[in-house]
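Please open the viewer and keep the sequence panel visible. This tour proceeds by selection, one stop after another.

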Amino acid sequence: MVYLDHAATTPMRQSAIDAWVAHAGARNPGSAYASGRGANAVLQEAREQVAELLGAEPVEVIFTGSGTEADNIGVRGLYGASTSKRVVCSTIEHPAVLEAVRTLEAADGAQVAWLTAGRDGHVRDLSPLDQPAAVAALMWANNETGAIQPVREAAERAAAAGTPLHVDAVQVVGRIPVDFHALGATTLAASAHKFGGPRGTGILLARRSPAPQPVIVGGGQERGIRSGTVDVASASATAAALSEAVLDMEAETTRVTQLRGYLVRGVVAAVPNTLVTTAEPALAGHAHFMFPGADADSMIMLLDVAGIEASAGSACSAGVVRLSHVLEAMGVGREEGMGALRVTLGRTTQREDVDALLAVIADTVERARAAGAMR
Ligand code: PLP
């Protein structure tokens, strides 16, 4: 199997598996007796490690059940903590943020000012941030194109207007350096399975003030921001994965950047009329292509048959393939956008994996274009 979908999820690191196994028997970290205190000590160590690796204080680290949950708490929780109904959000956010904002719009009458992206996938006009709002959201890097967004400038401008900023850093944490305090955001979301930790564990970094309101209520764990007994084994595995990712970051970025260059040159040379969507600054592992006229679904199926796993740039919901909202927001037309392919490289990717894709890509796109012609 050739796995080229590291932005969707990446294999768990051995260090994370070892940490998880070591603490799989941990009891309730909220219990006052010995086994509870033992579990809590493991949890606090994980919290301290994560805090140090991401430039935060331990008290600012909230373990959640996913990146999606961290995003929801950031957006809905900060909105709930304000009396304003104004929200600023980019049009290219992951559904975890976008749907949270749309829900506020539909259910609470929130007024949304949108940050728009250009054809290269980058948000440039940050002026909606200059008016105060309950919350603003801008992702650090887009999951489809890999485009890195101007989050530092956004944090400055939001702070100047007194607006708390939520940054979805799910694609970024473990891939590029993150310093929460230096960034100046109010909340930041990460997801363990994107950097070699377990699936089903997220991190929300949340400043002491303004603190997001909880979106689910219960026993008041994690500063009352995220109730529910914390999964100690997963928190420990997350910290282990993150420290390894941060340690390997520089070397991995260099290695993956070279591999991606080789991949992009190969695809452009092999397939006529290829558009490379990913534009710098971008994450090193992301290569997003558009093959006008091709049918993305056919492409994914043909690659799958060849033992290659990659992702369509178009979103499939309820069996209907639609143009991805990210590409649509960038002003990409259907002809191009429906023939999108996202290839994402990661820690386990070798040159042979790229060669395997290059060996079949011309034929795959030709056949997918024939299928697209019948659409
Ligand atoms: N935000 C971004 C940018 C993502 O890429 C993802 C995952 O695909 C998420 C949020 C959601 O993370 P999780 O899968 O942990 O819910």
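Which side chain meets that of Glu-244 in a salt bridge? Select Glu-244 and Arg-13: their side chains form a salt bridge, with N and O 3.0 Å apart. A salt bridge here is a side-chain nitrogen of Lys or Arg within 4 Å of a carboxyl oxygen of Asp or Glu.

The model is predicted, so local features need pLDDT of at least 70 and side-chain atom pairs count only at pLDDT 80 or more, while totals for chains, interfaces and linings use all residues. Residues are numbered from 1 along each chain as its sequence is written, and side-chain values use heavy atoms, with hydrogens and water left out.

**First stop: the pair and its surroundings**

Colour helix H7 (residues 232–270), which holds Glu-244, and then the loop between strand E1 (2–3) and helix H1 (14–22), which holds Arg-13. Because the two residues lie in these elements, their salt bridge ties together parts that are 231 residues apart in sequence. Helices (H or I, at least four residues) and strands (E, at least two) are DSSP runs, numbered from the N terminus.

Arg-13 is buried at 8% relative accessibility, whereas Glu-244 is partly exposed at 27%. Buried means under 20% relative accessible area, exposed over 50%, and partly exposed in between (1.4 Å probe, protein chains only). Add Asp-248 to the selection: Arg-13, Glu-244 and Asp-248 are linked in a network of salt bridges.

**Second stop: bridges within helices**

Remain in helix H7 and select Glu-252 and Arg-255, which lie three residues apart, about one turn of the helix. Their closest N and O atoms are 2.8 Å apart in a salt bridge.

Move next to helix H11 (residues 351–373), where Asp-363 and Arg-367 are four residues apart, about one helical turn. Their side chains also meet in a salt bridge, at 3.5 Å from N to O. The structure holds 15 salt bridges.

**Third stop: the ligand**

Select the ligand and the 13 residues that surround it (each with a heavy atom within 4 Å of it). Among the closest are Thr-68, Asp-168 and Lys-194. Helix H3 (residues 67–80) gives the largest share of this shell, three residues.

Finally, display the side chains of Ser-191 and His-193. A polar side-chain atom of Ser-191 lies 2.6 Å from an oxygen atom of the ligand, and one of His-193 lies 3.0 Å from an oxygen atom of the ligand. Taken alone, the ligand exposes 390 Å², of which the protein buries 86% (Shrake-Rupley method, 1.4 Å probe).

Methods:
A polar contact is a pair of N or O atoms within 3.5 Å; within protein, one must be able to donate a hydrogen and the other to accept it, and residues adjacent in sequence count only if both atoms are side-chain atoms.
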